[in-house]
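Trainee: Could you take me closely through one part of this model, and set it in the context of what surrounds it? I would like one connected account rather than a list.

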Amino acid sequence: MTDKYDVVILGAGTAGLSAALSLGRAMRRTLVLDGGPPRNAPSEHAHNLFTRDGTPPDELLRLGKRDLEKYETIEVREGVATGATGADGEFEVTLDGGEAVSARKIVIATGLSDVMPDIPGFAEAWGRGIYHCPFCHGWEVRGRPLAVYGSGDMVMFRVALIRNWSRDLIAITDGTEVPEEIRRKLDALGVPLHESPISRVESDGEGLARVVLEDGTEIEREGLFTNPPLEQRSGVAETLGCETEYMEMMRAEVISITPGTFETTVKGVFVAGDAGKMMQSLANAVASGCSVGAFVTHELAAADVEAEVAAISA
Ligand SMILES: Cc1cc2nc3c(=O)[nH]c(=O)nc-3n(C[C@H](O)[C@H](O)[C@H](O)COP(=O)(O)OP(=O)(O)OC[C@H]3O[C@@H](n4cnc5c(N)ncnc54)[C@H](O)[C@@H]3O)c2cc1C
């Protein structure tokens with residue numbers, strides 16, 4: 001067991017590093033646990049991020065870590081958090097090597113995992129032809145032959161959004177029913193509808209080449225937009241007893257937070273980035289990390305004042 005930290009941040013992705021910067025600069029002794037690659041690691045470049053548009057994901061985090069080096073208040077250590085116990089002011093986090101660290105506050109910045117469907121070729125093309133987010137990757141495939149894929153009742157929602165980037169668009173459903181009104185709208189827009197699920201996806205050296213449907217249809221496409229379900233990357237919030245909730249639109253199980261403060265249902269445990277109930281993007285990961293840093297600092301500073309006053313008055 002090491003000395004107590006003010007804050008231990010689980011995860012050294014964009015949200016975790018942003019929270020660390022904010023806390024370290026606020027004179028708080030902060031440990032960041034770096035558990036491995038971020039969610040966008042399969043992509044060649046990160047987009048839609050102020051001043052860093054087009055930066056490779058590993059370079060983004062290298063720059064983030066480099067910024068932290070000058071602060072003696074911040075320690076970044078490789079390690080996966082496996083569990084946590086305790087209460088506000090007195091937490092203990094266990095690492096995969098068996099070591100434990102103690103901290104007054106915990107920031108969960110462990111992100112989400114995209115659950116890959118059992119479709120041959122899908123995982124290989126993920127982030128390189130198959131995308132979940134047009135705001136991240138739409139510009140790169142603008143005007144190209146694209147497809148949307150998902151359940152029948154959501155097909156119009158996806159078509160309306162992706163049409164924004166390309167009119168060479170087809171809709172493929174997973175075999176679930178497509179309401180009649182949606183059929184009429186797709187027909188009016190001239191968007192071909194395929195109701196046989198995808199059986200495999202083929203890539204070439206450049207990216208996505210074609211999708212093959214269960215009925216044998218082969219369709220050449222350069223981009224496929226779909227949103228696989230998302231699950232928590234780490235179970236630590238669960239071991240602490242933090243409540244979670246399902247975000248239908250994102251198909252994601254996320255940690256519930258108090259809007260504004262980013263505190264979970266467990267006092268002293270905060271969330272930054274994708275793991276919490278918020279919009280999932282790098283910019284939001286930065287913003288939430290920065291906000292969490294400020295709120296945690298307020299709480300620690302207030303507790304320090306109380307303790308100091310009590311000691312003087314004793
Ligand atoms: C393919 C793809 C491409 C994307 N492209 C873009 C884009 O261009 N622009 C954009 O704005 N958004 C993009 N996103 C979304 C973006 O990746 C996320 O919103 C962002 O990564 C969230 O940051 P985060 O810090 O919350 O999580 P992450 O970046 O996933 O970081 C979480 C970190 O926590 C670590 N970790 C997990 N469990 C533990 C543990 N138990 N202990 C210690 N560490 C742990 C992980 O290893 C990881 O390093 C993309 C997503 C995908 C899937």
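Mentor: Let us take helix H1 (14-25), whose buried residues are Thr 14, Ala 15, Gly 16, Leu 17, Ser 18, Ala 19, Ala 20, Ser 22, Leu 23 and Gly 24. Bear in mind throughout that this is a predicted model. Because ten of the twelve residues of H1 are buried, the helix is largely enclosed by the rest of the structure. The elements against which these buried residues pack are strand S1 (5-10), strand S2, H2, strand S3 (74-78) and H8. The length of H1 can be checked as well: at 1.5 Å a residue its twelve residues should span 16 Å, and the end C-alpha atoms lie 17 Å apart, which agrees. After H1 comes Met 27, which has a positive phi, near 70°.

Two of the partners of H1 return when we turn to the second largest pocket, which has a volume of about 480 Å³. The pocket is lined by 19 residues, and those closest to its centre are Thr 14, Ser 18, Gly 64, Asp 67 and Val 286. Helix H1, H2 and helix H8 (282-313) are the elements that each give two or more residues to this lining, and H2 gives the most, with seven residues. In character the lining of this pocket divides into ten nonpolar, six polar and three charged residues. Thr 14 and Ser 18 therefore have two roles in this description, since they are among the buried residues of H1, under the cut-off of 20% relative accessible area, and also among the lining residues closest to the centre of the pocket.

Helix H8 deserves its own look. H8 has 32 residues and reaches 47 Å from its first C-alpha to its last, close to the 46 Å expected at 1.5 Å a residue. Its buried residues are Leu 282, Ala 285, Ser 288, Gly 289, Val 292, Gly 293, Val 296, Thr 297 and Leu 300. To read the spacing of such a list, recall that an α-helix has 3.6 residues a turn, so residues three or four places apart point the same way. The cover over the buried residues of H8 includes S1, H1, H2, strand S6 (100-108) and strand S19 (269-271).

A link between H8 and the early part of the chain is found at Leu 49, which sits in the loop between strand S2 (30-34) and helix H2 (57-68). Leu 49 has a relative accessible area of 11%, and because this is under 20% the residue counts as buried. Leaving aside residues up to four places away in sequence, Leu 49 touches Leu 60, Leu 282 and Ala 283. Leu 49 and Ala 283 are separated by 234 residues in sequence, yet their C-alpha atoms are 5.8 Å apart in space.

The whole chain gives the setting for these details. It has eight helices and 19 strands, and its C-alpha atoms fill a box of roughly 80 × 35 × 35 Å along the principal axes. Of its 314 residues, 49% count as buried. Among contacts in the chain with a separation of 6 or more, 57% are between residues 24 or more positions apart.

Definitions and conventions: Residues numbered from 1 in each chain as written. Predicted model: local features only at pLDDT ≥ 70, side-chain atom pairs only at ≥ 80, totals over all residues. Heavy atoms only, no water. Helix = DSSP H or I, 4+ residues; strand = E, 2+ residues; numbered from the N terminus. Buried < 20%, exposed > 50% of the residue type's maximum accessible area, 1.4 Å probe, protein only. Contact = heavy atoms within 4.5 Å. 1 Å grid on protein atoms, 1.4 Å probe; cavity = no way out; pocket = protein on both sides within 12 Å on 5 of 7 lines; lining within 4 Å. Points joined across faces, edges and corners; volume = space filled by probe spheres on them. Nonpolar A, V, L, I, M, F, W, Y, C, P; charged D, E, K, R; others polar. Expected span 1.5 Å × (residues − 1).
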